[in-house]
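The exercises below are meant to be worked with the sequence and the model side by side, and each is followed by a solution that goes step by step.

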Amino acid sequence: LLMAARDDRRPAVTPSTCEGNACGMNSNISNTTGTMKCTGCTMAELATWLSNVVDRIVLDRTTMSGKYDCELRFSRDVPGATPPQDFPSIFTALREQLGLRLDSGRGPVEFIVIDRATRPTPD
C-alpha cells in the first residue's frame, strides 16, 4: 500500500501545473540503481510504476487527488550486486525523498476466473 509517511500527512511531492504532452513519467533502471522523474502524474500512476519496481501489487492509499511532480533515486536489491552508497533502497528513498511509504497489507485485486474451457472446433 502506498501511503503518506510524514506525521503531517503531506508528502513532499509538488502539485503539477503540467498540461498535455509535457506530462509523463521517465525512468531509468539499471541492474543496481534506478531513477524516476514524474511530471503531472497521479498517485495511482506512481503506485502502478512502483508495482513493477518492487514486483508486488501496490495500491494507492494516499487519498491524494490531482497530478504531481517528483523525482526519485534508489538502489535495487539484486543478489550479488553492490549499488552505490548514495542510492538508498526504494523504501528509504520513498520516505526520505517523497514523504511516502510502502506498507504491507491486504486489499482488493482484480483477477480472472475461468469457469470452463473446451477444445476449439475445426473450421
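## Exercise 1: Two pockets

Determine the class make-up of the lining of the second largest pocket, and then set out what is known of the largest pocket.

Solution. In this predicted model, the lining of the second largest pocket divides by class into six nonpolar, two polar and two charged residues. The elements that contribute two or more residues to this lining are helix 1, strand 5 and helix 2. Going through the lining residue by residue, one finds V53, V54, F74, S75, R76, D77, V78, S89, I90 and F91. The volume of the second largest pocket comes to about 230 Å³.

The next step turns to the largest pocket, whose volume is about 290 Å³. Of the 14 residues that line the largest pocket, L1, R56, I57, D103 and S104 are the closest to its centre. Sorted by class, the lining of the largest pocket consists of eight nonpolar, three polar and three charged residues.

## Exercise 2: Helix 1 and its surroundings

Describe the length of helix 1, list its buried residues, and state which elements these residues pack against.

Solution. Begin with the geometry: helix 1 covers residues 43-54, which is 12 residues, and the distance from its first C-alpha to its last is 16 Å, close to the 16 Å expected at 1.5 Å a residue.

Next, consider burial, for which the cut-off is a relative accessible area under 20%. The residues of helix 1 that are buried are M43, L46, A47, W49, L50, S51, V53 and V54. These buried residues pack against strand 1 (2-4), strand 3 (24-29), strand 4 (33-41) and strand 5 (68-75), and also against helix 2 (90-98) and strand 6 (100-102).

For a single residue within the helix, take L50, which, when residues up to four places away in sequence are not counted, touches L2, D55, V58, I90, L94 and L102.

## Exercise 3: The nonpolar core

Which residues have the most contacts inside the largest nonpolar core, and which element gives the most to this core?

Solution. The largest nonpolar core has 24 residues, and those with the most contacts inside it are L2, L46, W49, L50, L72, I90 and L98. Strand 4, helix 1, strand 5, helix 2 and strand 6 are the elements that give two or more residues to this core. Helix 1 gives the most, with seven residues.

## Exercise 4: The loop after helix 1

For D55, T63, S65 and G66, decide whether each residue is buried, partly exposed or exposed, and note the backbone values or distances that go with each one.

Solution. Start at D55, which follows helix 1 and is placed in the loop between helix 1 and strand 5. D55 has a phi near 55 degrees, a positive value in a residue other than glycine. Because its relative accessible area is 62%, D55 is exposed.

T63 lies in the loop between helix 1 and strand 5, and it has a positive phi of about 60 degrees although it is not a glycine. Its relative accessibility is 81%, so T63 counts as exposed.

S65 is also found in the loop between helix 1 and strand 5, and it counts as exposed because its relative accessibility is 63%. From S65 to A117 there are 52 residues in sequence, and the C-alpha to C-alpha distance is 41 Å.

G66, found in the loop between helix 1 and strand 5, is partly exposed, since its relative accessible area is 42%. The C-alpha atoms of G66 and C41 are separated by 8.1 Å, although these residues are 25 residues apart along the chain. Leaving aside residues up to four places away in sequence, G66 touches C41 and T42.

## Exercise 5: Two further residues

Are T33 and S16 buried or exposed, and which residues does each one touch?

Solution. T33 has its place in strand 4, and it is buried because its relative accessible area is 14%. Not counting residues up to four places away in sequence, T33 touches N28, F74, S75, R76, P84 and F87.

S16 sits in the loop between strand 2 (14-15) and strand 3, and its relative accessible area of 18% is the reason why S16 is buried. With residues up to four places away in sequence left out, S16 touches T39, G40, K67, Y68 and D69. S16 and C70 are 54 residues apart in sequence, and their C-alpha atoms are 9.1 Å apart in space.

Notes
Residues are numbered from 1 along each chain as its sequence is written. This is a predicted model: local features need pLDDT of at least 70, side-chain atom pairs count only at pLDDT 80 or more; totals for chains, interfaces and linings use all residues. Side-chain values use heavy atoms; hydrogens and water are left out. Helices (H or I, at least four residues) and strands (E, at least two) are DSSP runs, numbered from the N terminus. The expected span of a helix is 1.5 Å times one less than its number of residues. Buried means under 20% relative accessible area, exposed over 50%, partly exposed in between (1.4 Å probe, protein chains only). Contact means heavy atoms within 4.5 Å. A nonpolar core is a set of buried Ala, Val, Leu, Ile, Met, Phe, Trp, Tyr and Cys residues joined through side-chain atoms within 4.5 Å. On a 1 Å grid over the protein atoms alone, a cavity is a set of points where a 1.4 Å probe fits but cannot get out, and a pocket is an open set with protein on both sides within 12 Å along at least five of seven lines; lining residues have an atom within 4 Å of a point. Grid points are joined across faces, edges and corners, and a volume is the space filled by probe spheres set on the points. Ala, Val, Leu, Ile, Met, Phe, Trp, Tyr, Cys and Pro count as nonpolar, Asp, Glu, Lys and Arg as charged, and the others, Gly among them, as polar.
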